[in-house]
Amino acid sequence: MGSVIGSAMKENMKEQIEVQAAMQRNMLERQIQMQMMMRDRQMSMQLARGRELFNWYGSFALLVTGGAIGGFLKKKNPAALAPLVPIYFVTGYQWDMCYNGKMNRIRANAEKIMVDESDMLRVPGGPPNIRDIDAALR
């Protein structure tokens with residue numbers, strides 16, 4: 001009789017362990033999905049911010065362009081056009097980031113680094129462990 005109860009308890013324990021493992025797997029998958037969704041939201045906010053900033057850079061560049069061309073026509077000095085070079089470099093970079101796929105090139109480069117140069121990604125001192133955290137708290 002005791003062995004019947006013991007084997008039933010063992011079977012029940014195995015079943016409970018399997019259920020807990022499935023629940024943990026499900027919870028981990030949900031956490032990963034939630035982190036991915038949060039990352040996507042943060043990236044979209046950064047891209048939207050960059051596009052808004054591009055609008056301001058573009059407006060500023062056009063304003064400076066008008067002034068520089070006016071100064072050039074009035075004084076006949078090509079140095080009046082010199083400020084346009086850095087302004088359009090910054091504006092071009094911002095446009096590339098927001099509308100021309102720079103984020104895709106950055107992502108592709110990051111994936112290449114993860115595959116080809118993974119040694120560059122190591123954290124100095126290795127990943128923290130429980131002992132390190134406890135020692136830092138003392």
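In this predicted model, the loop between helix 1 (2-75) and helix 2 (84-99) contains lysine 76, a residue whose phi is positive, at about 55°, although it is not a glycine. Lysine 76 is also exposed, its relative accessible area being 61%.

A second loop, the one between helix 3 (102-116) and helix 4 (130-137), holds methionine 120. With a relative accessible area of 60%, methionine 120 is likewise classed as exposed, and this side chain takes part in a nonpolar surface patch of about 470 Å², to which Met114, Val115 and Leu121 also belong.

The largest pocket encloses about 190 Å³ of space, and its lining is made up of Met43, Gln46, Leu47, Arg49, Gly50, Met97, Cys98, Met103, Asn104 and Arg107. Helix 1, helix 2 and helix 3 are the elements that each supply two or more residues to this lining, with helix 1 providing the largest share, namely five residues. In terms of chemical character, the lining of the largest pocket consists of five nonpolar, three polar and two charged residues.

Three salt bridges are found when the whole structure is searched. In one of them, the side chains of aspartate 96 and arginine 105 come together with an N to O distance of 2.4 Å. The two partners fall into separate classes of accessibility: aspartate 96 counts as buried, at 14% relative accessibility, whereas arginine 105 is partly exposed, with a relative accessible area of 43%.

Another salt bridge links aspartate 40 to arginine 39, and here the closest N and O atoms lie 3.0 Å apart. Aspartate 40 counts as partly exposed, at 40% relative accessibility, and arginine 39, at 36%, is also assigned to the partly exposed class.

A further salt bridge joins aspartate 116 and lysine 112, whose closest N and O atoms are 3.7 Å apart, a separation that falls within the 4 Å limit applied to such pairs. Because aspartate 116 and lysine 112 are four residues apart in helix 3, about one helical turn separates them. Lysine 112 is partly exposed, its relative accessibility being 46%.

How values were computed. Residues are numbered from 1 along each chain as its sequence is written. This is a predicted model: local features need pLDDT of at least 70, side-chain atom pairs count only at pLDDT 80 or more; totals for chains, interfaces and linings use all residues. Side-chain values use heavy atoms; hydrogens and water are left out. Patches are made of residues with over 30% relative accessible area and no salt bridge: like charges are joined within 9 Å, nonpolar side chains (Val, Leu, Ile, Met, Phe, Trp, Tyr) within 5 Å. Accessible areas come from the Shrake-Rupley method with a 1.4 Å probe; for residues, only the protein chains shown count as cover. Buried means under 20% relative accessible area, exposed over 50%, partly exposed in between (1.4 Å probe, protein chains only). On a 1 Å grid over the protein atoms alone, a cavity is a set of points where a 1.4 Å probe fits but cannot get out, and a pocket is an open set with protein on both sides within 12 Å along at least five of seven lines; lining residues have an atom within 4 Å of a point. Grid points are joined across faces, edges and corners, and a volume is the space filled by probe spheres set on the points. Ala, Val, Leu, Ile, Met, Phe, Trp, Tyr, Cys and Pro count as nonpolar, Asp, Glu, Lys and Arg as charged, and the others, Gly among them, as polar.
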